[in-house]
Amino acid sequence: TEYLPIIGRVQHGWEPTLSKAMAALSDSDLDRVYAWSEAAIARSERPPDMQVVPVGAPYLYLDSSSDPGPFFPGGLLVVPQHSIANTRIDDDSWAPALDAFARLVGTRRFDPVTVMLHGEDDTPALRLRVRDYGFRAASCGNSGDVAFLYRVRAVIRRHRAVASNAVCTAALYALYENREVYLTGFDTLRFPPNSDLHLDTVSNEAWVAV
């Protein structure tokens, strides 16, 4: 299969606006952005000469392959909110999120539980902390790697469900893969497979883990 390069910036993960893409373009000679949706474009302030084209999520363009079904029928994939990484492992910023996931696991009896660490967070110290909760630690590596999304798809498909402490890209991918999704926070929300996750109403500060 031959692929043609895209000349421009591609919106990798979901966000309600294109702020990150716009910031990247300020230091680039590229003047075109490929975005997930018209809604993200409408919320963005951009130079009048910038071209923004809605194409959907890059995940949707992966080579087709059949889903073998969960390798772990009771498995839960946990994807912590990336912004937790701002404070790293120097304090207890990970404890509230891991505590919330532990409560979810206790009520739903998932086994095994895999915590997917962002590439920048994948340290021996954090892996040890994850294992202290009885969870497994894993990472799909650098998000800029050409095989990153394929690794994400593979690990999602191994599990029955995905959980996060915020609306995130992985949750949307999981719904697309016909997996149920849990959002932990003040309460836990469950979205059955193929749910229509209304991002504008669900994504807000209340969904930071407590």
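**Close-ups of a predicted chain: cores, strands and a loop**

**View 1. The largest nonpolar core.** The largest nonpolar core holds 25 residues, and Tyr59, Leu77, Val152, Ile156 and Tyr173 are those with the most contacts inside it. A nonpolar core here is a set of buried Ala, Val, Leu, Ile, Met, Phe, Trp, Tyr and Cys residues joined through side-chain atoms within 4.5 Å. Buried means under 20% relative accessible area, exposed means over 50%, and partly exposed is in between (1.4 Å probe, protein chains only). At least two residues of this core come from each of α5 (148-157), α6 (169-176) and β8 (180-184). The biggest share is from α6, with six residues. Helices (H or I, at least four residues) and strands (E, at least two) are DSSP runs, numbered from the N terminus. A second, separate core has 19 residues, among them Val105, Leu117, Val130 and Ala137. As background, nonpolar side chains tend to be buried together in soluble globular proteins.

Before going on, a word on how to read these views: this is a predicted model, where local features need pLDDT of at least 70, side-chain atom pairs count only at pLDDT 80 or more, and totals for chains, interfaces and linings use all residues. Residues are numbered from 1 along each chain as its sequence is written, and side-chain values use heavy atoms, with hydrogens and water left out.

**View 2. Around Ile156.** What does Ile156 touch once its neighbours within four places in sequence are set aside? The list is Tyr59, Leu77, Val162, Ala170, Tyr173, Ala174, Glu177 and Arg179. Contact means heavy atoms within 4.5 Å. Tyr59, Leu77 and Tyr173 also appear, alongside Ile156, among the residues with the most contacts inside the largest core.

**View 3. Helix α6 and the unit it belongs to.** Seven of the eight residues of α6 are buried, so to speak of a mostly covered helix is fair, because buried means under 20% relative accessible area. The buried ones are Thr169, Ala170, Ala171, Leu172, Tyr173, Ala174 and Leu175. After α6 comes Asn178, with a positive phi near 65 degrees. Together, β7, α6 and β8 form a right-handed β-α-β unit. Right-handed means that, with the strands pointing away from the viewer, the path from the first strand over the helix to the second runs clockwise.

**View 4. Strand β7 and its partners.** Five of the six residues of β7 (residues 159-164) are buried, so the strand is largely enclosed by the rest of the structure. It pairs with β4 in the parallel sense over four bridges, and with β8, also parallel, over four bridges. Two strands count as paired if DSSP finds at least two bridges between them. On the β4 side, Leu77 has Val162 in β7 as its bridge partner. On the β8 side, Ala161 stands opposite Glu180.

**View 5. Ser164 and the loop beside it.** Is Ser164, in strand β7, buried or exposed? Ser164 counts as buried, at 0% relative accessibility. Leaving out neighbours within four places in sequence, its contacts are Val79, Pro80, Gln81, Phe101, Tyr182, Leu183 and Thr184. Pro80 sits in the loop between β4 and α3 and is buried too, at 5% relative accessibility. Beyond four places in sequence, Pro80 touches Trp94, Phe101, Val115, Met116, Ser164 and Asn165. The C-alpha atoms of Pro80 and Ala163 are 8.1 Å apart, though 83 residues separate the two in sequence. Gln81 lies in that loop as well, between β4 (72-78) and α3 (94-108), but is partly exposed, with a relative accessible area of 23%. Gln81 and Ala166 are 85 residues apart in sequence, with 5.9 Å from C-alpha to C-alpha.

**View 6. The three-stranded open sheet.** The strand order is β1-β2-β3, with parallel pairing. At the edges stand β1 (9-10) and β3 (51-54), each with a single partner strand, so one side of each has no neighbour in the sheet. Two bridges pair β1 with β2 (residues 32-35), and Arg9 has Val33 in β2 as its bridge partner.

**View 7. The whole chain and its confidence.** The chain has seven helices and nine strands, and 44% of its 210 residues count as buried. Average pLDDT (the predictor's confidence in each residue, from 0 to 100) is 79, with 77% of the residues scoring at least 70. Over residues 198-210 pLDDT stays under 50, and the model has 30 contacts beyond four places in sequence for this stretch. Where pLDDT is low, the predicted coordinates should not be read in detail.
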